[in-house]
Amino acid sequence: DEVYNLGAQSHVRVSFDQPEYTIDINALGTMRLLEAIRDTGRQVRFYQASSSEMFGKTTETPQTETTPFQPRSPYGCSKVFAFHQTVNYRQAYGFFACNGIMFNHESPRRGETFVTRKITRAAARIREGLQEHLYLGNLDARRDWGFAGDYVEAMWLMLQQEDADDFVIATGVTRSVGEFLDLAFQHVGLDCHEYVKIDPRYFRPSEVDLLLGDATKAREKLGWEPATTFEGLVQMMVESDWRLAKEEQAIAAHRAAAT
């Protein structure tokens, strides 16, 4: 009855290293799902996980559903293809197909190679003596960060509407990577500047400097608003990684005692 396409090679930096794989999964993968649904002949409601990275180097801030796409990575390009195919199947075949243009959404389940989780995990592990330094790239990039749990509610709401449509899902507040970093380390009682080193390997060939979403349409048509603040999100992620770090430290101490 409902299909949520959340499958992707979702790491922007990795998409520069593996562009063909990224396009195959994100762009053609979406096409395959849409075709599979068409083959069934059933009235399936389809949700496509679109991305704020589609806006890329935009000159319009904040970004809305009508902001032109100017992707700056293979990942962004793949998501633009999937977005337009979803709209195309809606218009050509009468699909109930929605795009959720999701700005960055994080949680304790975020992959460890993504900058937010990399930061919260490092803060906790450094605090517990399990790690000495954290290597990062561009600290000035600004993003609109929300909690994944809030955003999944928005996904579901889109498929409960009478008519299919596309929606920007965002908090409407932008923060820099550096601000996320400061807040995470403050939560464990550390000064991030003593532990962070800048590594050129983590800079993208082309950067998206500023993303800020306007979710007015979602608020008015879906009745959706984010429930989790930026500070609450960072605290949630740090606390989760701190528990994991303490468990890791306890296991290491037990093994040391046993030997």
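Start by selecting helix H6 (residues 177-187) and helix H8 (residues 230-258), which pack at an angle of about 50° with their axes 9 Å apart. That angle makes H6 oblique to H8. Keep in mind as you go that you're looking at a predicted model.

Turn the view until one of these two helices lies over the other, and you can check the hand: H6 and H8 make a right-handed crossing. Now show side chains. On the H6 side, pick Phe180, Leu183, Ala184 and His187. They meet a longer list from H8: Phe230, Glu231, Val234, Gln235, Met237, Val238, Glu239 and Trp242. Colour this contact by class and you get 8 nonpolar, 2 polar and 2 charged residues.

Stay on H6, but swap H8 for helix H4 (residues 115-127). Here the axes come within 9 Å and cross at roughly 25°. An angle under 35 degrees counts as roughly parallel, so that's the word for H4 and H6. This crossing is right-handed too.

Which residues of H4 and H6 meet? From H4, select Val115, Thr116, Ile119, Thr120, Ala123 and Ile126. From H6, add Val177, Phe180, Leu181, Ala184 and Phe185. The class colours give 9 nonpolar, 2 polar and no charged residues for this contact. While you're here, click on Phe180 and Ala184: these two H6 residues appear in the contact with H4 and also in the one with H8.

Next, head for helix H2 (residues 19-40) and helix H3 (74-93). Their axes come within 8 Å and cross at roughly 15°, so H2 and H3 are roughly parallel to each other. H2 passes H3 in a right-handed crossing. For a look at the contact, select some of its H2 residues, including Ile23, Ala27, Met31 and Leu34, and some of its H3 residues, among them Tyr75, Phe81, Ala82 and Tyr89. Taken as a whole, the contact of H2 with H3 divides into 11 nonpolar, 6 polar and 3 charged residues.

From H3, step back to the loop between strand S2 (45-51) and H3. Pro62 is found there. Zoom in on the peptide bond from Thr61 to Pro62: is it cis or trans? The bond is cis, with omega near 0°. Most peptide bonds are trans.

Last stop: turn on a surface and look for the largest pocket, which holds about 1,200 Å³ of space. To find its middle, select Ser10, Asn104, Glu106, Arg110 and Phe114, the closest to the centre among the 42 residues that line it. Then which elements give two or more residues to the lining? They are helix H1 (12-17), strand S2, helix H3, strand S4 (105-106), H4 and helix H5 (148-158). You've already visited H3 and H4 on this tour, and both turn up again here. By class, the lining has 18 nonpolar, 13 polar and 11 charged residues.

Note on methods. Residues are numbered from 1 along each chain as its sequence is written. This is a predicted model: local features need pLDDT of at least 70, side-chain atom pairs count only at pLDDT 80 or more; totals for chains, interfaces and linings use all residues. Side-chain values use heavy atoms; hydrogens and water are left out. Axes are lines fitted to C-alpha atoms, for helices over the stretch in contact, and angles run from 0 to 180 degrees between N-to-C directions. Helices (H or I, at least four residues) and strands (E, at least two) are DSSP runs, numbered from the N terminus. Angles under 35 degrees count as roughly parallel, over 145 as roughly antiparallel, 65 to 115 as roughly perpendicular and the rest as oblique. A crossing is left-handed if the near helix is turned anticlockwise from the far one by less than a right angle, and right-handed if clockwise. Contact means heavy atoms within 4.5 Å. Ala, Val, Leu, Ile, Met, Phe, Trp, Tyr, Cys and Pro count as nonpolar, Asp, Glu, Lys and Arg as charged, and the others, Gly among them, as polar. On a 1 Å grid over the protein atoms alone, a cavity is a set of points where a 1.4 Å probe fits but cannot get out, and a pocket is an open set with protein on both sides within 12 Å along at least five of seven lines; lining residues have an atom within 4 Å of a point. Grid points are joined across faces, edges and corners, and a volume is the space filled by probe spheres set on the points.
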